[in-house]
Amino acid sequence: MRFLVGGEAASVAKAQSVFDVLGSETIYLGPSGSGSMLKLINNFLCGVQVAALAEAMVAIERSGLDVEAAFRLIGTGAPGSPLVNAVGDRMIQRVYTPQFLIPLMAKDLGYAERTMKEMGIESRMAAPAISHFHTAARQGHQEDDIAAVVEHLR
């Protein structure tokens, strides 16, 4: 487990032995709340990527491309990442055993959008991604992994 931590450096140093026992890595990010902020930003990027991947996956399927071959190329090319590869594989296999639930991703994207707005950043990516996850949830995928976001497009 990786800990993203914020707070006074001295306080974090005091807790380091506990972090060491419970996890494999501690990353100090700055003042109090910094770990939570980075987690929110991380989940924002993941949610937007997964929503875009769902659109790309359906485009691959509808275009008549060999899905496995096309995805192998994408996964090893510039857009490839651990997230794209793992979630894309679950989309292809249609295996939606929960690892991160669709409603939780929609919630995190909403938090990220509001937080960015408070920082003076107008996110143009959050709303469409949120819409994909809300639609998937409304269509019965509330208890499914985020990979199931592809189903409402299929």
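**Exercise 1. Find out what share of the protein is buried, and describe its overall build.**

*Solution.* Start with burial: in this predicted model, 39% of the 154 residues of the protein count as buried. Next, look at the outline. Taken along the principal axes, the C-alpha atoms fill a box of roughly 60 × 30 × 30 Å. Now go through the elements: the protein has 6 helices and 2 strands, and from the N terminus on they run β-α-β-α-α-α-α-α. Finally, turn to the contacts. Among those with a separation of 6 or more, 65% are made by residues 24 or more positions apart.

**Exercise 2. Compare the spans of helices H5 and H6 with the spans expected at 1.5 Å a residue.**

*Solution.* Take H5 to begin with. Its 17 residues should span 24 Å at 1.5 Å a residue, and the end C-alpha atoms are 25 Å apart, which agrees.

Then try H6, which has 16 residues. A straight helix would reach 22 Å, but the end C-alpha atoms of H6 are only 20 Å apart, so H6 falls short.

One more detail awaits just past H5: Gly120 follows this helix and has a positive phi, near 80°.

**Exercise 3. List the buried residues of H5 and H6, and say what they pack against.**

*Solution.* A residue counts as buried when its relative accessible area is under 20%. In H5, this picks out Ile102, Met105, Ala106, Asp108, Leu109, Gly110, Ala112, Thr115 and Met116. These buried residues pack against H2 and H6.

In H6, the buried residues are Ala126, Ala129, Ile130, His132, Phe133, Thr135, Ala136, Ala137 and His141. They pack against H2 and H5.

To make sense of such lists, it helps to recall a general point: an α-helix has 3.6 residues a turn, so residues three or four places apart point the same way.

**Exercise 4. Describe how H4 packs with H2 and with H3.**

*Solution.* Two packed helices are described by the angle between their axes and the distance between the axes.

Step one is H2 with H4. They pack at an angle of about 45°, with their axes 10 Å apart. That makes H2 oblique to H4, and the crossing is right-handed. On the H2 side, Cys46, Gln49, Val50, Leu53, Ala54 and Met57 take part; they meet Leu83, Val84, Val87, Gly88, Met91 and Ile92 in H4.

Step two is H3 (residues 67-76) with H4. Here the angle is about 170°, and the axes are 10 Å apart. An angle over 145 degrees counts as roughly antiparallel, and that is how H3 lies to H4. The residues that meet are Val67, Glu68, Phe71, Ile74 and Gly75 in H3 with Val84, Asn85, Gly88, Asp89, Ile92 and Gln93 in H4.

Step three is a distance check. Ala59 is placed in helix H2 and is partly exposed, with a relative accessible area of 46%. From C-alpha to C-alpha, Ala59 and Gly88 are 13 Å apart in space, while 29 residues separate them in sequence.

**Exercise 5. Trace the salt-bridge network that includes Arg154.**

*Solution.* Side chains of opposite charge can pair when their charged atoms come close. Searching the whole structure gives 7 salt bridges.

Begin with Arg154 and Glu61, whose closest N and O atoms are 2.6 Å apart in a salt bridge. Arg154 lies in the segment after helix H6 (126-141) and Glu61 in helix H2 (residues 34-63), so this pair ties together parts 93 residues apart in sequence. Arg154 is partly exposed, with a relative accessible area of 26%, and Glu61 is partly exposed, also with 26%.

Move on to Arg94 and Glu151, whose side chains form a salt bridge at 3.9 Å, N to O. Arg94 sits in the loop between helix H4 (82-93) and helix H5 (102-118), while Glu151 is in the segment after H6, 57 residues apart. Arg94 is partly exposed at 48% relative accessibility. Although Arg94 is not a glycine, it has a positive phi of about 60°.

The last link is Glu151 with Arg154, where the closest N and O atoms of the salt bridge are 2.6 Å apart. Through shared partners, Glu61, Arg94, Glu151 and Arg154 are joined into one network.

How values were computed. Residues numbered from 1 in each chain as written. Predicted model: local features only at pLDDT ≥ 70, side-chain atom pairs only at ≥ 80, totals over all residues. Heavy atoms only, no water. Salt bridge = Lys/Arg side-chain N within 4 Å of Asp/Glu carboxyl O. Helix = DSSP H or I, 4+ residues; strand = E, 2+ residues; numbered from the N terminus. Buried < 20%, exposed > 50% of the residue type's maximum accessible area, 1.4 Å probe, protein only. Contact = heavy atoms within 4.5 Å. Axes fitted to C-alpha atoms, helices over the stretch in contact; angles between N-to-C directions. Parallel < 35°, antiparallel > 145°, perpendicular 65-115°, else oblique. Left-handed = near helix turned anticlockwise from the far one by under 90°.
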